[in-house]
Amino acid sequence: MRRSMKKKPLPPSTQAAAVITGAGSGIGRSFAYEVARRGGSVLCVDIDAERAEQVASNLRALGNHAIAQQCDVGDQAQMESLAENAESLLGRPVTLLINNAGVGLGGPIGEVSLEDWHWCMNVNLWGAIHGCHFFAPALRDLGYGGIINVASAAAFGSAPEMTAYNVTKAGVLALSETLSSELAGTGVQVTALCPTVVPTNIVENGRLPERRRDFASSAMTRFALTNADQVARQTLNALDRGDLYMLPQIDGRIAWRLKRLTPRLYARAIGEAYRILAD
Ligand SMILES: NC(=O)c1ccc[n+]([C@@H]2O[C@H](COP(=O)([O-])OP(=O)(O)OC[C@H]3O[C@@H](n4cnc5c(N)ncnc54)[C@H](O)[C@@H]3O)[C@@H](O)[C@H]2O)c1
């Protein structure tokens with residue numbers, strides 16, 4: 001009897017043709033290096049052209065195929081054009097999309113301006129929506145690959161004075177969960193990354209009241225249980241395993257369970273903890 005000689009597809013993080021948004025800094029940069037280390041080609045997308053080029057040229061110097069592309073993920077036309085050009089820039093169809101670009105916004109409700117709300121919604125939520133809208137159909141038609149959406153533990157953590165940011169990340173999580181069921185069985189895996197604190201430039205690049213800046217900056221080192229390189233590696237492994245949720249740190253996993261187990265106690269505890277730590 002002859003056995004079928006059909007080759008098993010590679011895990012989606014291996015030899016990928018990847019589009020990574022916000023690749024110029026922090027977690028996005030770590031994703032770019034890790035995808036390249038796994039033999040992939042990388043389109044390094046960032047609103048900051050210089051940052052994107054620096055990462056791409058470093059990767060090229062290491063012998064990888066990497067190209068920089070300036071693009072504002074919140075801009076529909078720019079994202080449409082990115083999707084149209086990605087295949088020719090990478091030299092083959094996109095197999096991995098990492099919707100990572102994001103910005104931080106903090107401050108009490110009513111004090112955060114609506115202009116800042118729109119800015120945060122536009123980058124964090126619309127950026128991921130644009131990515132999925134313009135890239136997911138081609139991945140589905142290809143029948144192979146992955147989408148990583150960088151949400152946050154903020155999607156469920158309900159930390160005070162982060163309303164806008166929390167709302168955008170809850171949206172990214174819902175987007176990922178829905179896409180995961182919609183694309184089930186198509187060969188396209190979806191993973192939502194939900195980290196707590198990871199030391200990056202998010203505070204520097206973000207908008208928050210002056211009186212909270214020192215607390216936020218010190219929290220980036222004081223409460224960080226992991227770094228961006230580890231997060232990128234673990235998340236690509238999670239994608240390969242077929243995991244929808246990636247919660248890389250123990251504090252995030254505890255918050256996730258506690259909130260489901262006892263939501264009222266959780267809300268009180270997180271509010272109290274914030275007041276003690278931030279004031
Ligand atoms: N650092 C953390 O503690 C943490 C925790 C949870 C989730 N996240 C998420 O991780 C992702 C990456 O953030 P980071 O911490 O690496 O921050 P970062 O500021 O170091 O990097 C973000 C990158 O995104 C780019 N960017 C910003 N706006 C953009 C736009 N409109 N279009 C394209 N690129 C844009 C920036 O130029 C920057 O290079 C974000 O979605 C963030 O919300 C971060």
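Over the ring of which residue does the charged end of Arg260 sit? Figure 1 has the answer, but first a word on the model. This is a predicted model, in which local features need pLDDT of at least 70 and side-chain atom pairs count only at pLDDT 80 or more, while totals for chains, interfaces and linings use all residues. Residues are numbered from 1 along each chain as its sequence is written, and side-chain values use heavy atoms, leaving out hydrogens and water.

**Figure 1. Charged ends over the rings of Trp256 and Trp119.**
The charged end of Arg260 sits over the ring of Trp256, 4.0 Å from the ring centre. Look also for Arg207, whose charged end sits over the ring of Trp119 at 3.8 Å from its centre. A charge counts as sitting over a ring if NZ of Lys or CZ of Arg is within 6 Å of the ring centre and within 35 degrees of the ring normal.

**Figure 2. Aromatic pairs, including Phe156 with Trp256.**
Rings of Phe, Tyr and Trp (its six-membered ring) pair if their centres lie within 6.5 Å; planes under 30 degrees apart are called stacked, over 60 edge-to-face, and the rest tilted. By this rule there are three aromatic pairs. One of them joins Phe156 and Trp256 edge-to-face, with 5.0 Å from centre to centre and 85° between the planes. Phe156 belongs to helix H5 (residues 154-157) and Trp256 to helix H10 (residues 250-261), so this pair ties together parts that are 100 residues apart in sequence. Helices (H or I, at least four residues) and strands (E, at least two) are DSSP runs, numbered from the N terminus. Both Phe156 and Trp256 are buried; that means under 20% relative accessible area, with exposed being over 50% and partly exposed in between (1.4 Å probe, protein chains only). Ring pairs also link Phe156, Tyr245 and Trp256 into a cluster.

**Figure 3. Phe215 and Tyr274, an edge-to-face pair.**
Here the ring centres are 6.1 Å apart and the planes of Phe215 and Tyr274 make an angle of 85°. Phe215 is in helix H8 (residues 210-222) and Tyr274 is in helix H11 (residues 263-278), so the pair ties together parts that are 59 residues apart in sequence. Phe215 and Tyr274 are buried. Asp279, in the segment after H11, is in contact with Tyr274 and Arg212, leaving aside neighbours within four places in sequence. Contact means heavy atoms within 4.5 Å. Is Asp279 buried or exposed? At 67% relative accessibility, Asp279 counts as exposed.

**Figure 4. The largest nonpolar core.**
A nonpolar core is a set of buried Ala, Val, Leu, Ile, Met, Phe, Trp, Tyr and Cys residues joined through side-chain atoms within 4.5 Å. In soluble globular proteins, nonpolar side chains tend to be buried together. The largest core has 41 residues, and those with the most contacts inside it are Val19, Leu43, Leu82, Phe135, Ile147 and Phe156. Elements giving two or more residues to this core include strand E1 (17-21), strand E2 (41-46) and helix H4 (114-142). Which element gives the most? H4 does, with eight residues. Beyond its neighbours within four places in sequence, Val19 is in contact with ten-membered company that you can trace yourself, including Leu43, Leu82, Ile98 and Phe135.

**Figure 5. Around Gly104 and Asp116.**
Gly104 is found in the loop between strand E4 (96-99) and H4, and at 13% relative accessibility it counts as buried. Not counting residues up to four places away in sequence, Gly104 touches Trp119, Tyr165, Ile202, Gly206 and Arg207. Asp116 has its place in helix H4 and is buried, with a relative accessible area of 17%. With the same sequence neighbours left out, up to four places away, Asp116 touches Leu105 and Arg207.

**Figure 6. A cavity and a pocket.**
On a 1 Å grid over the protein atoms alone, a cavity is a set of points where a 1.4 Å probe fits but cannot get out, and a pocket is an open set with protein on both sides within 12 Å along at least five of seven lines; lining residues have an atom within 4 Å of a point. Grid points are joined across faces, edges and corners, and a volume is the space filled by probe spheres set on the points. The whole structure holds two cavities of 30 Å³ or more. The largest cavity has a volume of about 40 Å³, and its lining includes Leu105, Trp117 and Met162. The second largest pocket holds about 210 Å³ of space. Of the 17 residues that line this pocket, the closest to its centre are Pro12, Gly145, Gly187, Val188 and Gln189.
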